[in-house]
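Visitor: I would like a close look at a single part of this protein, with its surroundings explained step by step. Could you walk me through one residue and then outward from there?

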Amino acid sequence: PPLDDIYDLNDIQMAAKNVLSAKYYASYRTGALNEYTYQANLGIYSKVRLNGFSFRDVSSMKTSTTILGYNFSQPFFIAPAAEAGHANKSAEASLASAAGKAGILYVPSISSTLSIEEIAAAGLNGQVMFHQEYIWSNKSKVLDELSRMKAAGFKAVFVTVDNTGINGIRTRSMRYTDGSDTGHAANFDLNALAAFRNLTTLPIVPKGIKTWQDALTCLKLGFPAIYVSNHGGRILDGAPTSVEILMDIRKNAAEVFNGMEVYADGGVRRGTDAIILLALGARAVGLGRPPMFANIWGEAGVMRMIDLFAQEMYTSMQLMGVSNVNQLNTSYVNTNQIVPL
Ligand code: FNR
């Protein structure tokens with residue numbers, strides 16, 4: 001369908017379902033096992049109420065923010081997702097250029113269709129991108145990739161820690177493959193995570209934090225940020241949503257929010273979903289599947305997605321009496337319907 005007929009991120013997903021082969025649609029869409037966590041990611045936002053204040057001046061609005069000290073136009077970013085080439089020949093290049101034109105952060109996956117260098121080249125002059133990496137058991141592979149990321153101009157590395165030893169069982173997409181979907185290393189522990197930082201001078205951000213204990217561990221180890229995520233429900237089915245994890249960190253290890261930046265993702269499809277995560281303490285919010293689906297139209301589709309999403313955030317913030325994203329805090333959300341973990 002023409003992009004003019006696309007009004008929100010759900011329209012984008014429906015269009016992608018019609019355009020992509022069943023196999024590739026399933027590979028993007030799938031969660032693990034019963035997809036309880038996948039569904040919970042989408043549903044949790046309906047349980048949070050937003051407080052709107054009327055007596056505020058919202059004639060001038062600011063959505064820009066910094067992530068690890070770099071300026072971006074929006075507090076949301078394109079999360080790492082493998083194999084963008086299944087949706088479009090341009091693959092990650094259109095994600096990089098769309099992000100650059102919109103001024104938002106893009107964090108390509110190490111399992112991308114294009115190489116580290118090709119993705120960097122697709123970005124605009126001066127565009128800041130981070131890169132995702134795994135702790136592969138093959139250390140020379142890690143060293144090679146990290147040095148290439150640095151040479152190509154990437155400014156930070158999100159190291160994914162939730163499927164490093166072992167991967168999730170994704171029944172929906174297994175039907176189209178030989179069923180095997182393995183992890184990325186043989187063993188992985190805290191020493192491996194700490195040692196990983198010595199392999200590069202780039203800032204390292206653990207991605208896939210699901211408990212307040214792990215969040216606190218990362219704070220104590222001195223990481224500049226953590227990324228709260230259940231990987232879009234694709235790894236441990238039954239894992240809590242980012243809303244619940246952020247609430248749990250706040251209850252048990254609130255110092256995390258003062259000591260480091262916190263990013264979060266999972267099921268974010270509306271500007272209001274992002275507002276909820278920001279209000280619960282996230283500094284920036286990741287979108288996984290929506291940009292992958294929007295890429296069926298290439299760069300124009302991804303830009304349309306960013307635009308629609310930004311408009312929803314902007315308008316909802318105005319309706320809440322919030323003129324600056326950095327004002328968002330827990331006073332703007334009511335989580336009484338959520339039973340604490
Ligand atoms: C992912 N995700 C992911 N994460 C990561 O660290 N490295 C990766 O290679 C991938 N690959 C990947 C592929 C696909 C198709 C999807 C949908 C997701 C997880 C991703 O970064 C993010 O955490 C979730 O996608 C967020 O949930 P939503 O926005 O998709 O609901």
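Visitor: Let's take H231: is it buried or exposed, and why?

Guide: Happy to. Please keep in mind that this is a predicted model. H231 counts as buried because 26 C-beta neighbours lie inside 10 Å, and the cut-off for that label is 20 or more. This residue sits in the loop between β8 (225–228) and α10 (242–252). Its backbone deserves a glance too, since H231 has a positive phi of about 65 degrees although it is not a glycine. Once neighbours within four places in sequence are set aside, H231 is in contact with D162, N163 and G208.

The annotation comes next. In UniProt, an unreviewed entry gives H231 as "active site". The record also has a "binding site" feature, again from an unreviewed entry, and there H231 is listed together with Y134, R170 and R234. Of these, Y134 can be placed in the loop between β5 (131–133) and α6 (139–152). Y134 is buried as well, because 22 other C-beta atoms lie within 10 Å of its own.

Now to the ligand. The shell around the ligand holds 24 residues, and S109, T160, G232, G288 and R289 come nearest. The elements giving two or more residues to that shell are β10 (284–287) and α13 (289–294). By type, the shell divides into eight nonpolar, twelve polar and four charged residues.

Two strands are worth following from here. T160, one of the residues that come nearest to the ligand, belongs to strand β6 (residues 157–160). On β6, F158 and T160 point one way while V157 and V159 point the other way, and all of them are buried. β6 runs parallel to β5, and three bridges join the two. In that pairing, H131 stands opposite V157.

The other strand is β10, one of the elements that give two or more residues to the ligand shell. A284 and G286 point to one side of β10, V285 and L287 to the other, and all are buried. β10 has a parallel pairing with β4 (76–78), over three bridges, in which F77 has G286 as its bridge partner. Strand β9 (residues 261–265) is also joined to β10 by three bridges, and these two run parallel. Here A264 stands opposite V285.

From β4 we can step into the loops on either side. The loop between β3 (70–72) and β4 contains Q74. Q74 is buried, because 22 other C-beta atoms lie within 10 Å. Not counting residues up to four places away in sequence, Q74 touches T63, I104 and A310. As for its distance from H131, the two are 57 residues apart in sequence and 18 Å apart in space, C-alpha to C-alpha. The loop between β4 and α4 (92–102) holds E83. E83 has a positive phi of about 60 degrees and is not a glycine. With 16 other C-beta atoms within 10 Å, E83 is partly exposed, so here the count falls below the 20 that buried requires.

Finally, the nonpolar interior. In soluble globular proteins, nonpolar side chains tend to be buried together. The largest nonpolar core here has 100 residues, and I226, L246 and A282 have the most contacts inside it. Helix α14 (residues 299–320) gives the most to this core, with eight residues. I226 brings us back to where we began, as its number falls in β8 (225–228), the strand before the loop that holds H231. Leaving aside neighbours within four places in sequence, I226 is in contact with V205, P206, I209, A215, C218, M260 and V262.

Conventions
Residues numbered from 1 in each chain as written. Predicted model: local features only at pLDDT ≥ 70, side-chain atom pairs only at ≥ 80, totals over all residues. Near = placed C-beta within 6 Å. Helix = DSSP H or I, 4+ residues; strand = E, 2+ residues; numbered from the N terminus. Nonpolar A, V, L, I, M, F, W, Y, C, P; charged D, E, K, R; others polar. UniProt positions renumbered as here; feature names shortened; annotations may be inferred. Buried ≥ 20, exposed ≤ 12 C-beta atoms within 10 Å, placed from the backbone. Contact = placed C-beta atoms within 7 Å. Core = buried A, V, L, I, M, F, W, Y, C linked by C-beta atoms within 7 Å. Pairing = 2+ DSSP bridges.
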